[in-house]
Amino acid sequence: MLLSLAAGAFVWTVDEMREGETMLRDRQWLLALRVPSQSEHLLGGAPALQLAREVTALGSPWLLCLLVGGVAAVLMAMRQRRLALFILVSTSAGASFNAALKLGFERTRPDLVPHEVIVTNASFPSGHAFGAAMVYLTLAALLTLRLELRAPRAVLLGLAIGVTLAVGVSRIALGVHWPSDVLAGWAVGSAWALATWLVANATGWFDRKDRPDFSD
């Protein structure tokens, strides 16, 4: 159900974006984070701008690569090679998929407000939002396999979702993405994480001890 909802949200956003239906809302939501009549200034001033830059770093491709590589190295040291390989393959394929989407849609970056960080590629979907959703949700799912109680599982998943949402909002605050870019990134990144885990479990990719138990 969650996979269907995430995929459906992405398809809907793509359809609305192509028809130009998102532009009015995109402009309104982007400017809502700016000082009225002074769109070059972010609400909250310099402290808010610095916070947005620090939060957006949590979705940086370099940080996500280091995080995924570090987790994979730990799993290899624990002799859980299949799980380590799964994480490396699924996240690498996901990054390539997002890059292909950007090339396919070739949407230009917002020009309403100054770009507070350097950007070089296309706008749709947001790579930071996609990467955060894919990596943090995947790693949260991995760690929940080791937790027996529901409360820690819920807290861990909540943290992963919270970081993912914060990264996406930071991209809008920094003026480098339309809100619909971020929504699409969240949706397709979540769908990718869910799909890869379901496929891996169904096809026996995991070792028996690593397979999720949904009986509780």
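**Cores, crossings and backbone oddities**

Me: Which residues have the most contacts inside the largest nonpolar core, the one with 31 residues?
Reply: This is a predicted model, where local features need pLDDT of at least 70 and side-chain atom pairs count only at pLDDT 80 or more, while totals for chains, interfaces and linings use all residues. Residues are numbered from 1 along each chain as its sequence is written, and side-chain values use heavy atoms, with hydrogens and water left out. A nonpolar core is a set of buried Ala, Val, Leu, Ile, Met, Phe, Trp, Tyr and Cys joined through side-chain atoms within 4.5 Å. In the 31-residue core, the ones with the most contacts are Phe10, Ile87 and Leu142.

Me: And which element gives that core its largest share?
Reply: Two or more residues each come from H1 (2–18), H4 (61–77), H5 (81–105), H6 (127–144), H7 and H8 (179–202); these are DSSP runs numbered from the N terminus, with at least four residues for a helix (H or I) and at least two for a strand (E). Ten residues make up the largest share, and they come from H6.

Me: What does Phe10 touch, leaving out residues up to four places away in sequence?
Reply: Touching means contact, i.e. heavy atoms within 4.5 Å. By that rule, the partners of Phe10 are Leu101, Phe105, Phe124, Ala184, Ala187 and Val188.

Me: How many residues are in the second, separate core?
Reply: Val113, Ala129, Val182 and Trp186 are among its members. The full count for this second core is seven residues.

Me: Which orientation class do H3 and H7 fall into?
Reply: The axes of H3 (45–56) and H7 (150–173) come within 8 Å and cross at roughly 130°, with lines fitted to C-alpha atoms over the stretch in contact and angles from 0 to 180 degrees between N-to-C directions. Under 35 degrees is roughly parallel, over 145 roughly antiparallel, 65 to 115 roughly perpendicular and the rest oblique. That pair is therefore oblique.

Me: Which H7 residues make the contact with H3?
Reply: On the H3 side you've got Ala52, Val55 and Thr56. Facing them from H7 are Ala166, Val167, Ser170, Arg171 and Ala173.

Me: Is Phe86 buried or exposed?
Reply: Phe86 sits in H5, and its C-alpha is 39 Å from that of Leu33, 53 residues apart along the chain. Buried is under 20% relative accessible area, exposed over 50% and partly exposed in between (1.4 Å probe, protein chains only). Because its relative accessibility is 4%, Phe86 counts as buried.

Me: How far apart in space are the C-alpha atoms of Leu157 and Leu137?
Reply: Leu157 lies in H7 and is partly exposed at 40% relative accessible area. In sequence, Leu157 and Leu137 are 20 residues apart, but C-alpha to C-alpha they're separated by 7.2 Å.

Me: What's omega for the peptide bond between Phe124 and Pro125?
Reply: Pro125 has its place in the loop between H5 and H6. The bond joining Phe124 to Pro125 is cis, with omega about -10°.

Me: What is phi of Ser37?
Reply: Ser37 lies in the loop between E1 (34–35) and E2 (38–42) and counts as exposed at 82% relative accessibility. Its phi is positive, in a residue other than glycine, and the value is near 70°.

Me: And what about phi of Arg79?
Reply: Arg79 is in the loop between H4 and H5, and it counts as exposed at 66% relative accessibility. Here phi is positive in a residue other than glycine, with a value near 65°.
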